[in-house]
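The following exercises concern the contacts between chains, the contacts between domains and some points of backbone geometry. Each task is followed by a solution in steps.

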Amino acid sequence: MTTLQSTSSHSRPIPNPAKSLITKLHMGTGAVVGIIFAVGAYYALRPAADDPNFYNQQNKALLAAMLSWSVGFLIGIGAFIGPFRWLIGKDLTAEEQLYLAGDGQGIKRYFKYCTDHKVVGIQYLVGVMAMLAVGGSMAMMIRTSLAVPGGHFIAATIYNSLVGLHGITMIVAMIIVATGPFGNYIMPIMIGARDMAFPRLNALSWWVLFTAIPVLCSAWFLGGIPTGWTAYAPLSVQAGPGMNAFIATILIFAVSTAVAGMNITATVVAMRAKGMKWNRVPIFVIGATMSVALAIPAFPTFMLAMVQTATDRVFNTGFYDANVGGSGWLYAHLFWIMGHPEVYVILLPGIAILMEITPVFVRKPLFSYNAAVLGFAGIAGLSVLVWAHHMYISGWTPTLNGPFMVTTEMISVPTGLLFLVLLGTVWRGKPWMKLPMLGMFAVIWNFLIGGITGIYLSDVPADNYLHGSMYVTAHFHYTLMGAALTGAVAGLAYWFPKMTGRMLNERAGYISFWFVQIGFQILFLGMFIAGAEGQPRRVVSFAAMYKYQNMISTGGAYMVGIGFIVLLWAVIHSWRKGDIAPMNPWGAKTLEWTVPYPVPLENFDEAPVITSDPYGYGKGN
Amino acid sequence: METTTVETSSSKRLISALVFVVLGVAVVGTVGFTLHSLSADPQKALYATKSSETIVVDGKTYPKASIALGVYADSGQAADYGHYTTNKKDYVQYGPSTHLVLPAHTFVTVTISAYDGGEHLNNPYFGKVVGTVGGTINIDGVDVSNVPSDNVQHTFTLHGIPSSSQDPLFVNVPLPQVKADDQDNFIATQDPKTNFKGHTVTFSFITGGAGDYVWNCEYPCGDGSYAKFGAAMSTYGYMSGKVTVK
Amino acid sequence: MSEHNSEHSSEHNELDLKPTPGQRATNLFKRKDVQRTAVFGIFWTAVFVVLGLYIYPKWMPEAMSTDMKAMEKIMVGFTLISAPIAGLVMGIATQAITNRHKGNTPPPDGPAIRTNGPVVVVWSVVSGIFCLIAVVWGIMEVNTMANAATSEAGTALHVQVTGSQWVWSFKYADQGIESDKLMLPLDRPVVFDVTSVDVNHSFWPVQLGVKVDANRLQTTVIHTVPNKLGRIDVKCAELCGLYHAYMETTGEVMTTTDFNNWVTTNGGHVA
């Protein structure tokens with residue numbers, strides 16, 4: 001525990017730099033050790049050119065190099081010093097723990113293994129924005145290539161890789177987009193905690209994730225991934241060396257989400273302020289916790305699926321090879337048992353952010369807190385029972401399509417509750433149209449479209465036609481991007497003052513908002529039409545009959561792209577030179593607005609005591 | 001909401017924002033055009049040689065054109081037969097180019113010199129000749145309409161996306177194996193320097209209007225990968241390519 | 001539209017805790033914000049009704065089989081069912097937007113409505129009923145298809161569909177021919193036995209409205225009845241590698257005579 005009860009924030013003991021190794025380690029040393037490990041592993045295992053099992057051996061060497069990089073980096077940045085010292089009976093001193101928390105180190109602490117949840121939150125925020133920027137750029141290239149039929153701009157090999165890398169980059173980014181920055185920075189303050197339950201694990205979750213980023217990028221230099229982000233076997237078994245990067249990324253990422261998920265859950269369960277009963281917990285905390293808790297059982301199946309893909313590729317185990325008794329359906333099951341809960345892992349925090357924001361900007365209590373919790377719980381519960389709706393047309397036991405259709409369509413009931421909570425909260429209120437609130441209205445529309453189109457897709461006969469078409473692509477972008485990402489951006493606008501001490505530039509924010517939202521509608525309207533008309537997804541070229549729809553989509557995509565560049569400018573500019581924010585610019589009642597900026601190392605000078613939920617707005621409350 | 005305004009003039013802000021947007025677009029654009037340049041054909045496009053002759057098929061007159069290709073077990077063998085390529089290592093490959101440019105509405109005669117061995121097709125359908133004039137191909141002087149699926153070394157299978165903007169074109173030509181016992185102890189993949197002339201396969205088909213098509217081999221020759229369709233089979237520029245009719 | 005309004009009143013008549021339910025409803029509808037919400041709600045409902053009735057059918061390709069027809073009906077039907085819900089959601093949202101607060105200070109506090117039991121219950125029940133309609137409709141349709149597949153199995157034309165990386169081929173075993181194009185006789189039930197020689201593909205004859213994955217060493221089966229003459233587009237709907245986009249071909253639904261002629265000219269025999 002770095003939470004030091006006795007140390008006052010004024011007398012900071014600085015550890016003797018000469019004495020402790022932890023003061024010398026940072027990202028750079030991590031990278032050096034990581035690269036040494038990776039190169040060492042590769043050269044130890046690299047096959048001779050005339051090896052009869054060249055491809056298996058090459059896969060083995062590459063996978064080992066990538067995983068060694070991750071381990072080496074973590075060693076090099078000092079992630080294991082704490083446990084190691086504990087193991088040899090010389091636990092870290094109070095000073096060293098304070099040092100690990102980044103006390104008094106300024107900007108340097110962002111590049112170190114820092115246990116302060118606020119530092120981790122900022123690391124996640126910057127990391128997520130970088131990933132979204134990369135993923136978004138790939139989307140621009142995909143759309144550019146699809147602007148006209150023929151696939152002339154980008155060749156099929158590169159196009160297929162773009163599709164997969166855009167997918168997996170965005171999925172990873174979206175899984176952490178809310179629970180990473182806000183779950184780490186804001187959430188502990190919101191519940192009145194001094195830090196996370198396991199601060200070292202918190203740092204670990206970020207740095208493990210960080211090591212996945214270069215691994216994923218390496219796919220570009222290894223021939224790319226031709227499989228899309230779903231990485232269906234046996235195509236993934238057939239794929240070239242770039243596939244190893246995908247496998248290693250998922251293995252690493254699954255560790256990160258497990259660590260982060262346990263940590264956030266434990267923090268919320270164990271570290272709430274005095275008096276914060278479960279029905280007084282801010283709704284964002286509930287949504288974010290359900291999201292990460294849902295990820296804990298979900299991701300191991302993806303990890304397992306990838307382990308099996310790896311052994312198929314390295315040892316010819318044949319889990320997914322029908323020729324030796326395996327089955328591609330096995331992969332599809334493992335993947336979607338993760339894949340569908342994962343959609344809600346992404347969505348729940350986004351909606352929860354909006355539920356946190358709406359009462360503040362309407363000055364009304366959250367409408368039916370219980371309905372919100374029920375909605376989240378219902379979605380989380382049902383989401384583990386619906387995976388095979390992705391497999392209606394796979395041919396796997398068609399008789400089970402009926403039951404899966406029932407569970408899938410049942411999700412519309414708890415989803416309806418989420419709408420009810422948001423609409424009930426704005427009902428009879430005068431919404432204060434700041435950026436976060438605009439985002440809430442955009443999500444209502446986008447999620448409505450995403451939800452209704454989801455009902456068609458959940459219907460077996462309709463899915464018989466729509467599955468694998470651009471219609472599906474448009475549908476899930478409405479939910480994941482239109483709803484979850486817009487919700488996260490609303491959260492950024494809302495918490496920006498607390499995380500940076502400055503206000504997000506409003507005008508740029510508005511410009512960005514309208515560019516993104518209008519462009520988004522155009523982009524996916526074109527895709528809905530093309531899909532309904534029968535254009536398959538993930539195609540590098542298409543028949544001439546879809547050309548106008550695709551051109552419209554591309555135009556919309558460029559608008560979205562420009563909108564997000566403007567947002568990025570607004571974030572960078574405001575972070576450096578924005579208006580200084582007051583402590584509580586929105587007049588909100590949650591705890592994070594009771595602490596100053598910069599937030600003190602242990603958040604609160606005096607532990608807060610909670611006597612009511614934070615939604616006591618309104619006349620007669 | 002009380003905020004303390006930090007002094008930055010609004011015009012300065014605007015310029016900063018505009019510059020940022022332009023830079024952002026430029027960065028994404030640069031990456032895009034880099035990918036575009038990486039998307040270029042691995043080899044120079046191979047143009048069909050047009051001839052002044054014409055031919056009448058089914059009562060219609062077509063101009064004639066011809067094009068010659070080779071199939072090699074690896075780049076070393078390709079070099080030995082005069083089709084030096086910069087293609088990598090041991091991948092089986094077509095040469096001299098995998099991007100073919102054919103004239104529209106033309107009787108195109110293709111000659112493929114095939115030097116590789118083989119096992120058997122994943123899908124026996126591709127042992128059948130489809131889409132050529134007369135439904136046959138000429139193998140070393142003999143017309144056939146079918147090659148047994150266990151006697152195929154590679155196929156030349158041309159297809160495209162059915163679209164209102166271009167005429168349909170589907171051609172499937174199986175190439176017979178060079179057998180180890182064709183010549184004493186000859187194994188094509190291991191001894192490219194053997195003086196063996198392989199099989200010469202000639203066939204003709206008639207192109208429609210302008211359009212973009214692709215071709216690929218349907219014989220599983222991506223060794224070491226699932227269904228033998230990875231590696232050379234899934235890497236653009238070896239056993240697959242483009243056909244532009246214009 | 002009346003359906004929409006009545007649902008609306010049931011939602012909000014508990015808000016004003018006073019006289020008889022009838023009076024409460026009347027009072028509720030005298031409120032300006034409720035009236036505006038209703039107008040916006042009707043507008044948005046109309047938008048979705050138009051989308052369902054006129055736009056969707058235009059987007060979808062011509063239905064050439066019983067399954068495609070059923071599917072188009074579902075698309076239209078579900079849009080119409082969703083229309084009042086979408087209308088209500090967007091009506092409330094639009095009303096809130098028109099009622100927005102401007103300026104740099106927070107708006108005055110609104111009414112402290114913590115929850116409203118009946119509204120939550122009615123909302124849940126109504127969405128449950130809509131969900132039930134969708135489920136029952138879908139299950140009935142699945143059942144119809146399954147029954148048709150069973151009862152027509154004996155007379156059906158069998159086509160063995162094989163996906164190979166990036167080309168479809170079709171084998172008519174009873175007729176003794178193979179083709180790269182999918183030719184089907186009109187009004188005769190057809191059973192597609194779909195398989196793959198390599199990775200997963202997904203067999204999608206677009207205008208027939210059915211689809212099934214092709215798996216190595218597995219035969220997956222779908223059934224339909226082509227009931228309209230014309231061209232079929234056959235596509236692959238599962239990313240299958242390099243030339244996935246080009247794994248397309250065409251076909252045709254033709255009269256039985258034409259089909260038999262096609263079979264015999266290709267060296268097969270009529271069966």
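**Exercise 1. Polar contacts and salt bridges between chain C and chain A**

Task: State how many residue pairs are in polar contact across the interface of chain C and chain A in this predicted model, and describe the residues on the side of chain C that touches chain A.

Solution.
Step 1. The rule finds 29 residue pairs in polar contact across this interface, where both residues have pLDDT 80 or more.
Step 2. On the side of chain C that touches chain A, two or more residues come from each of several elements of chain C: helix 1 (2-12), helix 3 (32-59), helix 4 (66-98), helix 5 (117-151), strand 6 (201-205), strand 7 (212-214) and strand 9 (230-236).
Step 3. The residues of this side are 49 nonpolar, 26 polar and 15 charged.
Step 4. The salt bridges between chain C and chain A number 2. A salt bridge links the side chains of C:Asp109 and A:Arg363, with an N to O distance of 3.7 Å. The pair qualifies because the cut-off for a salt bridge is 4 Å.

**Exercise 2. Extent of the interface between chain C and chain A**

Task: Determine how many residues of chain C and chain A are in contact, and what area the two chains bury between them.

Solution.
Step 1. The contact involves 90 residues of chain C and 91 residues of chain A.
Step 2. The area buried between chain C and chain A is about 7,500 Å², and 67% of it lies on carbon and sulfur atoms.
Step 3. Of the area that chain C buries against chain A, 10% is supplied by C:Trp59, C:Arg114 and C:Leu239, more than by any other three residues.

**Exercise 3. The interface between chain B and chain C**

Task: Describe the interface of chain B and chain C by its contacts, its buried area and its polar contacts.

Solution.
Step 1. From chain B, 26 residues are in contact with 24 residues of chain C.
Step 2. Together these chains bury about 2,100 Å², of which 62% is on carbon and sulfur atoms.
Step 3. The count of salt bridges between chain B and chain C is 0, whereas 7 residue pairs are in polar contact, both residues being at pLDDT 80 or more.
Step 4. Strand 9 (152-159), strand 12 (211-216) and strand 13 (240-245) of chain B are the elements that give two or more residues to the side of chain B that touches chain C.
Step 5. This side of chain B consists of 14 nonpolar, 9 polar and 3 charged residues.

**Exercise 4. The two domains of chain C**

Task: Identify the domains into which chain C is divided, and examine the interface of domain 1 and domain 2 of chain C.

Solution.
Step 1. Domain 1 of chain C covers 2-99 + 120-150, and domain 2 covers 157-265.
Step 2. Taken over C-alpha atoms, the centres of these domains are separated by 38 Å. Domain 1 of chain C gives 11 residues to the contact, and domain 2 of chain C gives 16 residues.
Step 3. The two domains bury about 1,000 Å² between them, with 58% of this area on carbon and sulfur atoms.
Step 4. Across this interface there is 1 salt bridge. The side chains of C:Lys228 and C:Glu62 form a salt bridge at 3.1 Å, N to O.
Step 5. Polar contacts across the interface of the two domains amount to 8 residue pairs, both residues at pLDDT 80 or more. Helix 4 and helix 5 of chain C each supply at least two residues of the side of domain 1 that touches domain 2. That side of domain 1 divides into 7 nonpolar, 2 polar and 2 charged residues.

**Exercise 5. Positive phi values**

Task: Is C:Trp166 buried or exposed, and where is this residue found? Treat B:Asp140 likewise.

Solution.
Step 1. Most residues other than glycine have a negative phi.
Step 2. C:Trp166 has a positive phi, near 85°, and is found in the loop between strand 1 (157-164) and strand 2 (167-172) of chain C. Its relative accessibility is 0%, so C:Trp166 counts as buried.
Step 3. B:Asp140, also not a glycine, has a positive phi of about 45°. B:Asp140 lies in the loop between strand 7 (137-139) and strand 8 (142-144) of chain B. Its relative accessibility is 42%, so B:Asp140 counts as partly exposed.

Conventions: Residues numbered from 1 in each chain as written. Chains lettered and ligands numbered in written order. Predicted model: local features only at pLDDT ≥ 70, side-chain atom pairs only at ≥ 80, totals over all residues. Heavy atoms only, no water. Contact = heavy atoms within 4.5 Å. Buried area = accessible area lost by both parts, 1.4 Å probe. Polar contact = N/O pair within 3.5 Å; in protein donor to acceptor, adjacent residues only side chain to side chain. Helix = DSSP H or I, 4+ residues; strand = E, 2+ residues; numbered from the N terminus. Nonpolar A, V, L, I, M, F, W, Y, C, P; charged D, E, K, R; others polar. Domains from an automatic or database assignment. Buried < 20%, exposed > 50% of the residue type's maximum accessible area, 1.4 Å probe, protein only.
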